Structures are given as structure tokens and as C-alpha cells.
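Trainee: I want to test each label against its cut-off. Can we go through them one by one?

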Amino acid sequence: MQSVKVFAWWFVVGATMALSIIMLQGGIREVMQAQGSLWEVKLVELFTAIMGGGLLGGCVALILHRIKKP
């Protein structure tokens, strides 16, 4: 159960950090200005980047948590 908590926490942290980097680079502005089908494509790209950041953070945290265990 501890591993799930570690993964969940660092997934949220990783996803938040990915979102903040996208916002700093102007990705949110591009999504808001896009029209038509480009809106859906950009939204999918944004979602996959955020999920990727969350998965990266969660998986690295799980690996480090397992290494740290006695």
C-alpha cells in the first residue's frame, strides 16, 4: 500500500511540473488560440505530455523507494 501512495504522490507532482513547463513555454496559449480539429489534436498532445510527466515522476519515485527499502 505504501508503494501506491508513493506513486500517486509523485505522479501528481510530475504531472504538475510537466504542466507548469508547458505553460512557461506558451503551450496553453497555443491550445487556446487553435480552432477546429487542431483544438482536439493540441488537447491530446497536452494531455499526453502531462500524463508522461506524471508517469515519469511516479516510476522514478517507485524505483528510488525500492532501492531505499532495507
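Trainee: Why is His65 called buried?

Mentor: Buried means under 20% relative accessible area, exposed over 50%, partly exposed in between, with a 1.4 Å probe and protein chains only as cover. His65 has a relative accessible area of 13%, so His65 is buried. Keep in mind that this is a predicted model: local features need pLDDT of at least 70, side-chain atom pairs count only at pLDDT 80 or more, and totals for chains, interfaces and linings use all residues. Residues are numbered from 1 along each chain as its sequence is written, and side-chain values use heavy atoms, with hydrogens and water left out.

Trainee: Where is His65, and which residues does His65 touch?

Mentor: His65 sits in helix α3. Helices (H or I, at least four residues) and strands (E, at least two) are DSSP runs, numbered from the N terminus. His65 touches Gln2, Ser3 and Val6, leaving aside residues up to four places away in sequence. A contact means heavy atoms within 4.5 Å.

Trainee: What makes Val4 exposed?

Mentor: Val4 has a relative accessible area of 53%, so Val4 counts as exposed. Val4 belongs to helix α1. Its C-alpha atom is separated by 9.4 Å from that of Gly58, 54 residues apart along the chain.

Trainee: And what is the label for Ala8?

Mentor: Partly exposed, because the relative accessibility of Ala8 is 38%. Ala8 also lies in α1, residues 2-24. Ala8 and Gly54 are 46 residues apart in sequence, and their C-alpha atoms are 8.9 Å apart in space.

Trainee: Which residues of α1 are buried?

Mentor: Val6, Phe11, Gly14, Ala15, Ala18 and Ile22. An α-helix has 3.6 residues a turn, so residues three or four places apart point the same way.

Trainee: How do you know that the span of α1 agrees with the expected one?

Mentor: The expected span of a helix is 1.5 Å times one less than its number of residues. For the 23 residues of α1 that gives 33 Å; the end C-alpha atoms are 33 Å apart, so the two agree.

Trainee: What follows α1?

Mentor: Gly26, with a positive phi near 90°. Gly27 is in helix α2. Gly27 has a relative accessible area of 18%, so Gly27 is buried. From Gly27 to Leu46 is 19 residues in sequence and 7.9 Å in space, C-alpha to C-alpha.

Trainee: Why is Val60 called partly exposed?

Mentor: Its relative accessibility is 39%, so Val60 is partly exposed. Val60 is part of α3, residues 37-68.

Trainee: Which residues form a nonpolar patch with Val60?

Mentor: Leu56, Ile63, Leu64 and Ile67 join Val60 in this surface patch, with about 510 Å² of accessible area together. Patch members have over 30% relative accessible area and no salt bridge; like charges are joined within 9 Å, nonpolar side chains (Val, Leu, Ile, Met, Phe, Trp, Tyr) within 5 Å. A salt bridge is a side-chain nitrogen of Lys or Arg within 4 Å of a carboxyl oxygen of Asp or Glu. Areas come from the Shrake-Rupley method with a 1.4 Å probe; for residues, only the protein chains shown count as cover.

Trainee: Which element has the lowest mean pLDDT?

Mentor: pLDDT is the predictor's confidence in each residue, from 0 to 100. Helix α2 (residues 27-33) has the lowest mean, 71, and α1 the highest, 91. The chain averages 85.

Trainee: How many helices and strands does the chain have?

Mentor: The count is 3 helices and 0 strands. Buried residues make up 26% of the 70 residues.
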